[in-house]
Amino acid sequence: MGDEEWIELKFRLADGTDIGASKYSKFMTVASLKEKIIAQWPKDKENAPKMINEVKLINGGKILENNITLSEARSLPVGELPGIVTTMHVVLRPPLLDKTKEKLQNDPPMKSHCVCCIL
């Protein structure tokens, strides 16, 4: 494969640290890219993601969907700019399941009330 089929990317975490830079195929899906980010996640960081649904990739102000390839992400100007490293921002989405469990534990149990009105 030629160099035109590869994109050089690095990933900026919320605290300003970076993962990468590495070269990735233009035909790689965003979901595969997220799996690589999770595998390369710094060991000293708390709250490391475990699943790709916990990770959002942002490039050019757009959240990239899991099912598209890097070449389909129209906001990637890298294909036309050889030798340039593109920085994508990584945002973590906390698992929703943990928040609901925490809320249920902290809130007093709700009493269900039923009211019927016959006119």
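These legends walk through several close-up views of one predicted model.

**View 1. The whole chain, from end to end.** Here's the full set of parts: two helices and five strands. Starting at the N terminus, they come in the order β-β-α-β-β-β-α. Of the 119 residues in the chain, 26% are buried. Take the contacts with a separation of 6 or more, and 55% of them link residues 24 or more positions apart. The accessible surface is about 8,800 Å², with carbon and sulfur atoms making up 55% of that.

**View 2. An open sheet of five strands.** Read across the sheet and the strands go β2-β1-β5-β3-β4, with mixed pairing. At the edges sit β2 and β4, each of which pairs on one side only. Helix α1 lies across β1, β2, β3 and β5, and it runs at about 115° to β3.

**View 3. The largest nonpolar core.** This core has 19 residues, and the ones touching the most other members are Leu9, Phe11, Leu33, Leu57, Met88 and Val90. At least two core residues come from each of β1 (6–12), β2 (18–25), α1 (30–39), β3 (55–59) and β5 (86–92). The top contributor is α1, which puts in four residues.

**View 4. Strand β3 and its two faces.** Which side chains of β3 are buried? Val55, Leu57 and Asn59 are, and they point to one face. Lys56 and Ile58 point to the other face and are not buried. Why the back-and-forth? In a regular strand, side chains alternate between the two faces of the sheet.

**View 5. Leu57 and its surroundings.** Zoom in on Leu57, one of the core residues that touch the most other members. Skipping neighbours within four places in sequence, Leu57 is in contact with Val30, Leu33, Lys34 and Ile37, among others. The list also includes Phe11, along with Lys62, Ile63 and Leu64. Met88, His89 and Val90 complete the set.

**View 6. The partners of β3.** What does β3 pair with, and how? β3 and β5 run antiparallel and are joined by four bridges. Look for Lys56 here: its bridge partner in β5 is Val91. β3 also pairs with β4 (residues 62–63), again in the antiparallel sense, this time over two bridges. In that pairing, Asn59 has Lys62 of β4 as its bridge partner.

**View 7. The β3–β4 hairpin turn.** Only the turn is in focus here, so to speak: β3 and β4 make a hairpin with two residues between them. Gly60 sits in this turn and has a positive phi of about 60°.

**View 8. Ser25 in strand β2.** Ser25 belongs to β2, one of the edge strands. Is Ser25 buried or exposed? Ser25 counts as buried because its relative accessibility is 15%, and the cut-off for buried is under 20%. A polar atom of the Ser25 side chain lies 3.1 Å from the backbone nitrogen of Phe27. Leaving out neighbours within four places in sequence, Ser25 is in contact with Glu5, Trp6 and Leu70.

Terms used:
Residues numbered from 1 in each chain as written. Predicted model: local features only at pLDDT ≥ 70, side-chain atom pairs only at ≥ 80, totals over all residues. Heavy atoms only, no water. Core = buried A, V, L, I, M, F, W, Y, C linked by side-chain atoms within 4.5 Å. Buried < 20%, exposed > 50% of the residue type's maximum accessible area, 1.4 Å probe, protein only. Contact = heavy atoms within 4.5 Å. Pairing = 2+ DSSP bridges. Axes fitted to C-alpha atoms, helices over the stretch in contact; angles between N-to-C directions. Areas by Shrake-Rupley, 256 points an atom, 1.4 Å probe, with all protein chains shown as cover. Polar contact = N/O pair within 3.5 Å; in protein donor to acceptor, adjacent residues only side chain to side chain.
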